[in-house]
Amino acid sequence: MIRVTFLGTSAARPTVPRNVSAIAVEREGDFLLFDCGEGTQRQMMRYRTGFDLDHIFVSHLHADHYLGIPGLLRTLSLQGRTEPLFLYGPQGSRSTLRAAVTIGGNRLTYEVATRELAPLEAVDFGDYRVEALRVRHGMPALGYALRENPRPGRFDLAAARALGIPEGPLYGALQRGESIEFDGRRIESGEVVGPPRPGRLVVYTGDTRPAPELAERARGADILIHDATFGDHGKARARETRHSTAREAARIAARARVRRLYLTHLSARYAADPSSLVREAREVFPAATVAYDGLTVEIGYGAATPAEGKGAG
């Protein structure tokens, strides 16, 4: 299961119902954090994600996306953490990220490694990777894609039985793509296993203007989390500040043929009532939702759904 928890969905500054940008992603025991605006550690406590994270991916160096790092790191130190933590950002971000690590003066109980990522560079986690995506924000900035490796194809039990293969270890070998020797015959995996199936894909844009190149990398995503700072009436302001409107985000989602779109990074004017953003987005892409702080989305091998008790709103 992949679990996505929206810790902050406001643009630029916190509002009463919304904190600034941060998204927690948990996958099969791994915990990744995408952006870490001020107050993120309190949001992690409030929404019970825990603090067992090892990787923080920062989209860009506007304050509302990274100022929560110093406090979070010191909380981890006070808890006695000893395992290293890895901090990533766009090209040119290393010195600022290192400064964020050292703010406060007290030596941490663990090491923090910083790494700059270029667009299309990836961090490999074995059976999945996090890719840095090219976006359009008028400064060094990245989106990120959590992309799983392809899964084995479906095992055709009827075909295996027709070949007389007994259940047990031979089934496992075939499922792994290996050929087997049985009853004097060589049986190839493809005789009983279908073609590989795509893994899951979660894409987060950070702050950006609509970017067709990002849409290509997001093609078929289970969920796309997209900047939607403004509504239709703010189109000029969106262009000026290098952000997107809800309708523009929906066009990217439609172009990428994603399953679901979650709008985030909302201007303060929509903090309490984002209904106009929902309406404008759904006119283009019906499977659009405005995210809110505390929304948790679970992604299995099927449709992405809000977790029990935390409806999409």
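This passage walks through the interior of a predicted model, from a cavity to the cores, a serine and a helix. Residues are numbered from 1 along each chain as its sequence is written. In this predicted model, local features need pLDDT of at least 70 and side-chain atom pairs count only at pLDDT 80 or more, while totals for chains, interfaces and linings use all residues; side-chain values use heavy atoms, with hydrogens and water left out.

A good place to begin is the cavity. On a 1 Å grid over the protein atoms alone, a cavity is a set of points where a 1.4 Å probe fits but cannot get out, and lining residues have an atom within 4 Å of a point. Grid points are joined across faces, edges and corners, and a volume is the space filled by probe spheres set on the points. One cavity of 30 Å³ or more is present, and the largest has a volume of about 60 Å³. Its lining includes I23, F34, Y144 and I225, and consists of ten nonpolar residues, with no polar and no charged ones (Ala, Val, Leu, Ile, Met, Phe, Trp, Tyr, Cys and Pro count as nonpolar, Asp, Glu, Lys and Arg as charged, the others, Gly among them, as polar). Strands β2 (22-27), β9 (142-148) and β12 (201-204) each supply at least two lining residues; strands (E, at least two residues) and helices (H or I, at least four) are DSSP runs, numbered from the N terminus.

Next come the nonpolar cores, sets of buried Ala, Val, Leu, Ile, Met, Phe, Trp, Tyr and Cys residues joined through side-chain atoms within 4.5 Å. Buried means under 20% relative accessible area, exposed over 50%, partly exposed in between (1.4 Å probe, protein chains only). The largest core has 31 residues, and V203, L214 and V258 are among those with the most contacts inside it. Helix α8 (246-256) is one of the elements giving two or more residues to this core, and its six residues form the largest share. Apart from this core lies another, of 27 residues, including V4 and Y128.

In the loop between α7 (235-241) and α8 sits S244, which counts as buried because its relative accessibility is 0%. A polar atom of the S244 side chain lies 2.6 Å from the backbone oxygen of T208.

Finally, helix α2 (69-78) is mostly covered, with eight of its ten residues buried, among them I69, L72 and R74. The helix is followed by G80, whose phi is positive, near 85 degrees.

Terms used. On a 1 Å grid over the protein atoms alone, a cavity is a set of points where a 1.4 Å probe fits but cannot get out, and a pocket is an open set with protein on both sides within 12 Å along at least five of seven lines; lining residues have an atom within 4 Å of a point. A polar contact is a pair of N or O atoms within 3.5 Å; within protein, one must be able to donate a hydrogen and the other to accept it, and residues adjacent in sequence count only if both atoms are side-chain atoms.
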